[in-house]
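Trainee: I am new to this one. Could you take me through the structure, please?
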Amino acid sequence: MSSAKIIRALLVADAAVTALVPAAKVVLGTIKQGTVLPAISVKHISTMPMAAIDAQADFSLVSSRVQVTVETKDRVTLDAVLEVVRKCCNYQRGIIAGLTVVSVVRDLLGPAPDDNDAGIYDQTIDFRITYYEAN
């Protein structure tokens, strides 16, 4: 879950993101039913350890995949939010959410099934985060 916290920290600290989606609507996990859109959910998908050099080290290098789901009321807003999310997170590194992050890079852009009857437009963008995790 640390990797999801890294992405959420980047999103809520970015003025372009919070201009479109308030920080309170950038959530870890699932967006609650009834939330006024737009909103962003951040979920940890998987983590894979990198090759260990020192089994007794305090930290190991890991690579995680995090999925960011954007939900809005229209396609124009959806595209705008996805663009600022990508720009905010892609190619970041350093100390983020208290962790040493080697890199954040965009991984996948998911399909955009529009539910026009419900007035909900959503799409996912995944990021690959490489960071040091405590052993």
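Trainee: How much area does the protein chain expose?
Mentor: The protein chain exposes about 7500 Å², and carbon and sulfur atoms supply 54% of it. Accessible areas come from the Shrake-Rupley method with a 1.4 Å probe. This is a predicted model, in which local features need pLDDT of at least 70 and side-chain atom pairs count only at pLDDT 80 or more, while totals for chains, interfaces and linings use all residues. Residues are numbered from 1 along each chain as its sequence is written, and side-chain values use heavy atoms, leaving out hydrogens and water.

Trainee: And what share of the residues is buried?
Mentor: Of the 135 residues in the protein chain, 35% are buried, meaning under 20% relative accessible area (1.4 Å probe, protein chains only).

Trainee: Which residues have the most contacts inside the largest nonpolar core?
Mentor: They are Ile 7, Leu 11, Ile 40, Val 68, Phe 127 and Ile 129, in a core of 30 residues. Such a core is a set of buried Ala, Val, Leu, Ile, Met, Phe, Trp, Tyr and Cys residues joined through side-chain atoms within 4.5 Å.

Trainee: Which element gives the largest share of this core?
Mentor: Helix 3 does, with seven residues.

Trainee: What does Leu 11 touch?
Mentor: Leaving aside residues up to four places away in sequence, its partners include Val 17, Ile 40, Val 68 and Cys 88. Contact means heavy atoms within 4.5 Å.

Trainee: New topic: how many helices and strands are there?
Mentor: The protein chain has three helices and seven strands. Both are DSSP runs numbered from the N terminus: helices are H or I with at least four residues, strands E with at least two.

Methods: Buried < 20%, exposed > 50% of the residue type's maximum accessible area, 1.4 Å probe, protein only.
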